[in-house]
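Visitor: Pick one well-connected spot in this protein and take me through it closely. Start with what the side chain touches, then work outward until I can place it in the whole chain.

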Amino acid sequence: REPIKFLSTQLAPIAETDQFNQQVLADFPDEVDFEPYDRRAIFGSLAESSLDDRPSLLGALQTDLVEMFERGLIAPVGDLTNRFIDRGFSTSLMALSRFDGVTDYMVPWMQATYLMIAHRSALEHLRDDQSLDSLTYDDLVDWLTRIEEATGRKPFGLPLGRQGLVHRFLQGFAYPSYTGRMVGGLRDREAVDMWRMLRALWRRSTPRSVNFAQMSDPLLSGEAIVAWDHTARISDAVRQRPDEFVVFPAPIGPKGRGFLSVVAGLALPHNAPDLDGAVTLIDHLTLPTTQLTMMNAVGFLPVVSTQSEEGASGLQSMAAAARRQASGDEAIFAQLPS
């Protein structure tokens with residue numbers, strides 16, 4: 001049997017490619033020809049390759065797969081998502097797979113997102129009626145106020161430095177949570193309410209936030225005890241001191257819980273030469289055990305539920321928080337601006 005040809009825009013760095021081949025595919029029974037390429041090369045390959053040279057499986061960001069769908073380069077994945085539905089894909093991720101609003105063209109593969117994180121010492125200042133998983137932005141301000149009053153320190157940290165990602169907080173979290181939109185409504189009353197909340201949030205933030213490029217170091221040093229940032233930029237704190245930090249979803253606003261998630265998916269090109277092999281590989285890559293291996297090997301978070309989520313620590317706690325953030329009726333998935 002010929003190797004299953006798998007083209008991907010993801011995992012292109014040599015170290016990630018090696019980890020994927022050596023760890024993620026280690027116990028897959030068939031041989032896989034995994035070839036990471038620039039997105040332009042993959043678009044060109046799909047448009048120009050002969051049937052004999054076509055890949056059987058594609059891996060790419062959801063936005064790239066939407067463009068492939070619009071160009072007629074990929075086929076529906078049929079009932080695959082129903083076949084794997086018991087693995088616990090969130091409703092928001094599944095909605096992203098329906099590029100025409102009806103038919104699934106993608107099986108979610110892996111994700112990165114932005115989350116809240118707090119030192120466990122901060123939890124004693126939560127009110128009894130407040131839960132980390134259901135905090136509103138008003139609750140967050142109230143919690144930070146309690147911490148400041150008890151400790152005399154401004155507890156919150158945001159990545160406002162030149163290399164920080166605070167603009168994603170505005171684009172994908174604050175605006176959608178208050179206005180329900182990322183574009184438009186910038187002068188509406190709901191947006192004014194949001195800016196009032198942000199002003200209150202800033203009053204509880206450490207002034208050194210203007211220098212923070214990422215939040216792991218300020219958390220580890222104690223300069224901030226509650227923070228928001230990209231999962232890759234809080235992972236050092238979580239890896240080094242998993243028992244000291246708790247990771248949880250972003251707060252909820254009047255319109256819901258706005259959040260950004262960078263999602264990669266798996267898709268089938270038209271006339272895939274080894275459809276059975278591609279389906280078997282999709283099956284393997286979406287197993288909870290494989291998803292955990294993927295997270296530990298290359299740092300991307302799982303898109304399925306894992307058995308170890310309850311009481312999880314370290315990177316698994318981030319994976320569990322990301323799933324909770326994307327679940328529930330209040331979730332508002334905000335697309336990353338192009």
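**Around L285**

Guide: Let's settle on L285. Leaving out residues up to four places away in sequence, L285 touches F6, F20, V24, L25, L57, W109, L266, T290 and Q291, where contact means heavy atoms within 4.5 Å. Bear in mind that this is a predicted model, so to speak of local features we need pLDDT of at least 70, and side-chain atom pairs count only at pLDDT 80 or more, while totals for chains, interfaces and linings use all residues. Numbering runs from 1 along each chain as its sequence is written, and side-chain values use heavy atoms, with hydrogens and water left out.

Two of those partners, T290 and Q291, are worth a stop. T290 sits in helix α12 (residues 288-298), and Q291 is in helix α12 too; helices here are DSSP runs of H or I with at least four residues, strands are runs of E with at least two, and both are numbered from the N terminus. T290 has 5% relative accessibility and counts as buried, and Q291, at 2%, is buried as well. The cut-offs are under 20% relative accessible area for buried, over 50% for exposed, and partly exposed in between, with a 1.4 Å probe and protein chains only. Setting aside neighbours within four places in sequence, T290 is in contact with V24, H284 and L285. Q291 touches W109, L285, T286, P302, V303 and V304, again not counting residues up to four places away. Put those lists beside the one for L285 and you'll see V24 come up again with T290, and W109 with Q291.

Now step back to the core. The largest nonpolar core has 88 residues, and L285 is among those with the most contacts inside it, along with F6, F20, M68, W109, W143, V226. Strand β9 (residues 257-269) gives the most to this core, with seven residues. There's also a second, separate core of 21 residues, which includes L219, I234, M295 and L315. By core I mean a set of buried Ala, Val, Leu, Ile, Met, Phe, Trp, Tyr and Cys residues joined through side-chain atoms within 4.5 Å.

Charges next. Side chains of opposite charge can pair when their charged atoms come close. The structure holds 16 salt bridges, each one a side-chain nitrogen of Lys or Arg within 4 Å of a carboxyl oxygen of Asp or Glu. Take D64 and R39, which form one with closest N and O atoms 2.9 Å apart. D64 lies in helix α3 (residues 62-70) and R39 in helix α2 (residues 39-48), so the pair ties together parts 25 residues apart in sequence. D64 is buried at 9% relative accessibility, whereas R39, at 30%, is partly exposed. Elsewhere, E148 pairs with K154, their closest N and O atoms 3.1 Å apart; E148 is partly exposed at 23%, and so is K154 at 34%. D188 and R181 make another pair, also 3.1 Å between the closest N and O atoms. For something more elaborate, look at R127, D129, D139, D142 and R146, which are linked in a network of salt bridges.

On the outside, L160, W202 and V210 form a nonpolar patch with about 240 Å² of accessible area together. Patches are built from residues with over 30% relative accessible area and no salt bridge: nonpolar side chains (Val, Leu, Ile, Met, Phe, Trp, Tyr) are joined within 5 Å, like charges within 9 Å. W202 belongs to helix α8 (residues 189-203) and is partly exposed at 36%.

Finally, the whole chain. Its secondary structure comes to 13 helices and 10 strands, and 55% of the 338 residues are buried. Of the contacts between residues at least 6 apart in sequence, 77% join residues at least 24 apart. The radius of gyration is 21 Å, which agrees with the value near 20 Å for a compact globule of 338 residues; it's taken over C-alpha atoms, and the globule rule is 2.2 Å times the number of residues to the power 0.38. Along the principal axes, the C-alpha atoms fill a box of roughly 70 × 40 × 35 Å. The accessible surface is about 15100 Å², 46% of it belonging to carbon and sulfur atoms; areas come from the Shrake-Rupley method with a 1.4 Å probe, and for residues only the protein chains shown count as cover.
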